[in-house]
Every structure is written in structure tokens, then in C-alpha cells.
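User: Can you walk me through this structure? I am new to this.
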Amino acid sequence: MNSPIMTAFTILLTVVLYIISRKIWIKTQNALLTPLLLSTAGIILILHYSGITFEQYKPGKQIMTFLLGPATVGLALPLYLNRHILRSSFFPILIGIVCGAVSTLTVAVLLAKVSGLEALIVASIAPKSVTTPIAIEIAQIVGGDPAITVAFVVFTGTLGSMIGASVLTLCKITNPVARGLAMGVTAHGQGTATILQEGQTQGAMAGVAMALTAIITSFIAPLFIPWLLG
Amino acid sequence: MITALKFSAQLFLLWVIYFLSAWVIKTFHLPLPGGVLGMLILFALLLSGVIKEEWLTTATFPLLRHLSFFFIPIAVELMEWGDLFRQKGHLLFLPLVVSLLVALLTTGGIVQLLTASSRKDGGH
């Protein structure tokens with residue numbers, strides 16, 4: 001049964017769990033305890049044990065995600081504020097980001113395909129290195145499922161934040177510009193927040209890489225994925 | 001009060017850009033996310049000076065700080081996909097982990113190589 005009271009309850013539940021999990025995350029600073037991961041797990045458990053179905057949660061979802069589109073547009077502002085970085089060494093940065101974005105998409109899609117996963121999953125895995133709001137939109141365009149894509153994006157962001165810097169060091173990639181860009185391309189916002197702790201250059205580079213990876217993947221994925229799967 | 005008004009007006013500006021982008025994409029059947037087109041339009045408007053950054057900061061930064069809130073309702077739909085992850089979760093591990101390492105090392109390696117060679121040439 002869908003009722004305004006149920007909708008109000010699911011919205012309240014989501015907001016409260018977000019506030020609590022954000023407090024926990026700020027306190028612990030643990031890459032595994034992000035607000036998204038904690039609140040989602042908490043909400044699913046509460047809905048499951050109180051017998052509320054996803055169909056009943058859906059009306060609240062429509063209301064809560066209303067501002068996601070405008071917020072995504074706002075990503076242009078940090079990119080604009082960091083525009084001097086793009087100017088400083090435009091071609092190495094652009095080549096590095098394009099190659100990273102294209103290779104990771106290709107490897108993910110092909111490995112998922114040879115693993116025998118169904119088309120819906122293969123399409124959902126394609127934008128896994130893209131920042132979540134845009135990854136969701138790409139998933140819908142290439143025939144994936146937004147919720148599954150969020151799971152892949154969060155897995156990638158979390159693992160990338162945890163091992164990214166060590167892998168780069170292990171492979172003797174020490175240049176701060178290269179490290180920042182690599183983390184932004186690989187692990188979007190989560191990687192950006194992590195590598196920012198190494199220094200301002202790394203953080204700003206990662207932010208720029210995150211935005212450009214999202215734009216580049218948006219343009220190539222709809223053309224490239226049908227071809228890879230064909 | 002003034003901050004609230006400012007916040008709402010800025011939010012409206014972002015919404016108008018998003019709404020127009022989504023409309024353009026739908027009308028012309030472009031295979032592009034509405035958010036990306038909106039982002040490119042806003043970036044161009046900022047670069048050309050049509051929109052000043054001060055017109056956006058009050059709404060945009062709080063919105064981006066809490067961006068992950070909007071993903072929660074979307075991720076909750078994963079409760080419908082429990083079986084899939086139980087049955088095929090192990091198959092996802094390889095594509096996700098290998099592609100992650102590929103992205104890190106491709107971008108990191110290429111940028112380090114290109115910036116190192118431009119430094120040797122005396123340019124920076």
C-alpha cells in the first residue's frame with residue numbers, strides 16, 4: 001500500500017540515517033564507512049525487517065532525487081575554479097585521462113562479458129569509474145541498471161581509495177600530477193578525497209580528472225559499448 | 001533569510017540549466033546524459049563571463065558536499081537485486097579489480113612519462 005504517510009516515513013528514515021552515518025564517517029574517517037554505504041545498508045535492513053517493499057519506497061525516492069540533476073550541473077563550478085590546471089599542461093593531462101578512461105571501460109566490459117555475465121550487468125559495469133550522478137545517467141543510456149551501477153561505482157571508489165596510493169607508489173609513479181590524475185580517473189570523488197590528503201596538487205588534479213573522465217565516458221560509452229559487445 | 005533567498009535563486013538557476021539540457025537531449029535524441037550537457041553549458045557560461053561564480057557558490061557547494069545523499073535512494077533499489085549478487089558476485093570481482101588497476105597505471109604511467117619528457121626538453 002502506498003500512502004503519503006509511508007512516503008513521508010521513508011524520506012524521514014533516509015534523511016535520519018544519512019545524518020547519523022555522516023557523523024560516524026566524519027568521526028572515523030574510514031574509507032569503508034562512507035555515508036552512502038552505511039545509510040544504504042541501514043535502510044535496506046530496516047525496510048527488510050519491517051516488511052516495507054521497494055515499491056513503497058519508490059515515491060519517496062522520486063522526491064529525494066529531484067535535485068540530483070541540478071547538483072550534477074553544479075560540478076562545473078569546481079572544474080571552472082581549477083581551470084588553470086588544465087591550461088598548465090593540457091595535452092599530457094588530456095592524453096592521460098582519455099587513455100585511462102577508455103582502457104578501464106574496455107577491460108571492465110570485456111572481462112565482464114567473457115565471465116559470462118548477462119548484458120544488463122555488462123552495461124552497468126561500464127561507467128564504474130565515473131562519478132555516481134553521471135554514471136547513473138550513462139547506465140540508463142547504454143542499457144544498464146542505475147542501482148547496480150551505484151554498487152559498482154561505490155565498490156570501485158572504495159577499493160581505489162584503499163589501495164590506489166600504495167599501488168601507484170609500488171609501481172614507482174611518484175609525480176604528484178600523475179598520482180592525482182590517476183586517482184581521479186580511477187576512483188572519482190572517493191579517490192579525490194583520499195589523494196587530497198597527500199597534497200593540494202594531487203587533490204586538484206584528481207578533481208579535474210574526475211570531471212573529465214565523466215565527460216569523456218559519456219561521449220564514448222554509447223558508441224563504444226554496442227561495438228565492444230557486438 | 002537573505003542566504004535562504006540566495007540559495008533558492010541559485011538552485012533555480014542550476015535547475016533551469018539542467019531542465020533545458022534535458023529538454024535538448026530529449027528533443028534531439030542525443031545519447032548524452034542531461035547532467036553532462038548541463039555541466040558543459042554551465043562551464044561555457046562561466047568561461048565566457050555570462051554567469052559569475054559568485055552567483056552559484058551559495059547553493060552549489062552545500063549541494064556538492066551532500067551529493068552522496070541523492071545516491072542513497074537509488075542504491076536502496078539494490079534490495080531487489082540480492083539474489084543476483086549472491087549468485088554472481090564472485091564473477092564481478094575480476095572485471096572490477098583488474099579494470100581498476102588498469103585505470104590507475106594507464107593514467108599514472110602516461111602522465112608521469114609525458115611530464116618527465118617535457119621537463120627533459122627544458123619545457124615545463
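Analyst: The notes below cover two domains and a pair of rings. This is a predicted model, where local features need pLDDT of at least 70 and side-chain atom pairs count only at pLDDT 80 or more, while totals for chains, interfaces and linings use all residues. Residues are numbered from 1 along each chain as its sequence is written, chains are lettered from A and ligands numbered from 1 in the order in which they are written, and side-chain values use heavy atoms, leaving out hydrogens and water.

User: Which domains does chain A have?
Analyst: Chain A is split into domain 1 (4–66) and domain 2 (76–229), with bounds from an automatic or database domain assignment. Their centres, taken over C-alpha atoms, are 26 Å apart.

User: How much area is buried between domain 1 and domain 2 of chain A?
Analyst: About 430 Å², with 81% of that from carbon and sulfur atoms. Buried area is the accessible area (1.4 Å probe) that two parts lose on being put together, summed over both. On the domain 1 side, A31(A), L32(A) and L36(A) lose the most, together 66% of what that side buries.

User: How many salt bridges cross that interface?
Analyst: The rule finds zero; a salt bridge needs a side-chain nitrogen of Lys or Arg within 4 Å of a carboxyl oxygen of Asp or Glu.

User: New topic. What kind of aromatic pair do W15(B) and F19(B) form?
Analyst: A stacked one, with 5.1 Å centre to centre and 25 degrees between the planes. Rings of Phe, Tyr and Trp (its six-membered ring) pair if their centres lie within 6.5 Å; planes under 30 degrees apart are stacked, over 60 edge-to-face, and the rest tilted.
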